[in-house]
Amino acid sequence: MKKDAMISIKGIQRVDGEQEVVELLTCGRFYRRNNSYWLSYQESETTGFEGHRTTLRVEPNRVTMQRSGPASTQLIVEGGCRHQCFYDTGYGALTVGINGRQIRSTLTDDGGELDFSYAMDINTALASEHQVIIKVEVGKSDPPQ
C-alpha cells in the first residue's frame with residue numbers, strides 16, 4: 001500500500017575540490033513491493049529540476065533513480081559496481097559511468113533513512129562525487145512550520 005510521507009533529502013556534490021549542498025523537504029509517496037522500497041516525489045526549483053518526478057527503487061545493495069519530466073534520467077548505484085547510465089541535463093543527453101561506493105539503509109514499512117554515495121565519470125574521467133542522505137517519515141504529509 002502506498003503511504004504519504006515527509007521526505008528530507010540532502011545531496012552533497014564535490015567537483016574539483018569544491019562542495020555544493022542542496023537540501024529539499026517535500027511530500028511524497030513511500031511503499032514496499034516485494035523486496036524493494038519505492039519512494040516518489042516531485043522535484044522543485046531548489047534542486048533545479050522543477051516539473052520532474054523522481055522515483056527511487058531501493059534494494060539491499062542497489063538504488064535506482066528514475067527522473068521523468070522534460071529531461072529524463074536513470075542512474076543505477078550499486079555498491080562496488082560501475083553502471084553506464086543515461087543522464088539528460090536538459091541541454092542534451094549523456095551516457096555517464098556511475099561507480100557505486102556505499103549504500104546504507106534502515107528503511108522499514110514505517111520509514112527510516114537511506115544514505116548512498118557514488119562517483120560519476122564521463123568517458124572514464126572523474127566528473128563528480130555525490131552523497132545522498134534521505135529521511136522518510138511515513139504518515140506525515142505537511143512540511144513543518
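1. Buried, in this note, means under 20% relative accessible area; exposed means over 50%, and partly exposed covers what lies in between. By that cut-off, 40% of the 145 residues of the protein chain count as buried. The model is a predicted one, and the burial classes below should be read with that in mind.

2. On confidence: the mean pLDDT of the protein chain is 89, and 93% of its residues reach 70 or more. Among the elements, strand E9 (residues 111-122) has the highest mean pLDDT, at 96, while strand E7 (residues 82-88) has the lowest, at 89.

3. On secondary structure: the chain has 10 strands and zero helices. Read from the N terminus, the order of elements is therefore β-β-β-β-β-β-β-β-β-β.

4. On overall form: the radius of gyration of the protein chain is 15 Å, which agrees with the value near 15 Å for a compact globule of 145 residues. Along the principal axes, the C-alpha atoms fill a box of roughly 45 × 30 × 25 Å. Of the contacts with a separation of 6 or more, 34% are between residues 24 or more positions apart.

5. On surface and charge: the accessible surface of the chain is about 8,300 Å², and carbon and sulfur atoms account for 45% of that area. The chain has 16 positive and 19 negative charges, and the mean positions of the two sets are 7 Å apart.

6. Two residues in the loop between E3 and E4 deserve a look together. Glu 43 lies in the loop between strand E3 (36-42) and strand E4 (53-59), and His 52 has its place in that loop between E3 and E4 as well. Are they buried or exposed? His 52 has 5% relative accessibility and so counts as buried. Glu 43 has a relative accessible area of 7%, so it is buried too. Leaving aside neighbours within four places in sequence, His 52 is in contact with Glu 43 itself, and also with Tyr 41, Gln 42, Arg 67, Ser 68, Gly 69, Pro 70 and Ala 71. The C-alpha atoms of Glu 43 and Ile 12 are 16 Å apart in space, with their positions 31 residues apart in sequence.

7. Glu 78 is a further acidic residue to check; its place is in strand E6 (residues 73-78). At 18% relative accessibility Glu 78 counts as buried, because the cut-off is under 20%. Beyond its neighbours within four places in sequence, Glu 78 is in contact with Asn 61, Arg 62, His 83, Gly 100 and Ile 103. Arg 33 is not in that list; the C-alpha atoms of Glu 78 and Arg 33, 45 residues apart along the chain, are separated by 19 Å.

8. Two asparagines have a backbone angle worth checking by eye. Asn 34 is a residue other than glycine with a positive phi, near 55°. Asn 34 sits in the loop between strand E2 (18-33) and E3, and its relative accessible area of 66% makes it exposed. Asn 123, also not a glycine, has a positive phi of about 55°. Its loop is the one between E9 and strand E10 (125-138). Asn 123 is exposed, with a relative accessible area of 71%.

9. Asn 99 is an asparagine placed in a strand, E8 (residues 93-105). With 23% relative accessibility, Asn 99 counts as partly exposed. Which residues does Asn 99 contact, leaving aside its neighbours within four places in sequence? They are Cys 81, Arg 82, Ser 117, Tyr 118, Ala 119 and Asp 121. Met 6, 93 residues away along the chain, has its C-alpha atom 29 Å from that of Asn 99.

10. Val 138 links distant parts of the sequence. Val 138 is found in strand E10 and, at 25% relative accessibility, counts as partly exposed. Val 138 and Lys 3 are 135 residues apart in sequence, yet their C-alpha atoms are 6.6 Å apart in space. Not counting residues up to four places away in sequence, Val 138 touches Lys 3, Asp 4 and Ala 5, and its other contacts are Phe 30, Asp 109, Asp 110 and Gly 111.

Conventions: Residues numbered from 1 in each chain as written. Predicted model: local features only at pLDDT ≥ 70, side-chain atom pairs only at ≥ 80, totals over all residues. Heavy atoms only, no water. Helix = DSSP H or I, 4+ residues; strand = E, 2+ residues; numbered from the N terminus. Rg over C-alpha atoms; globule rule 2.2 N^0.38 Å. Buried < 20%, exposed > 50% of the residue type's maximum accessible area, 1.4 Å probe, protein only. Contact = heavy atoms within 4.5 Å. Areas by Shrake-Rupley, 256 points an atom, 1.4 Å probe, with all protein chains shown as cover. Lys, Arg positive; Asp, Glu negative; His and termini not counted. Charge placed at Lys NZ, Arg CZ, Asp CG, Glu CD. pLDDT = per-residue confidence, 0-100.
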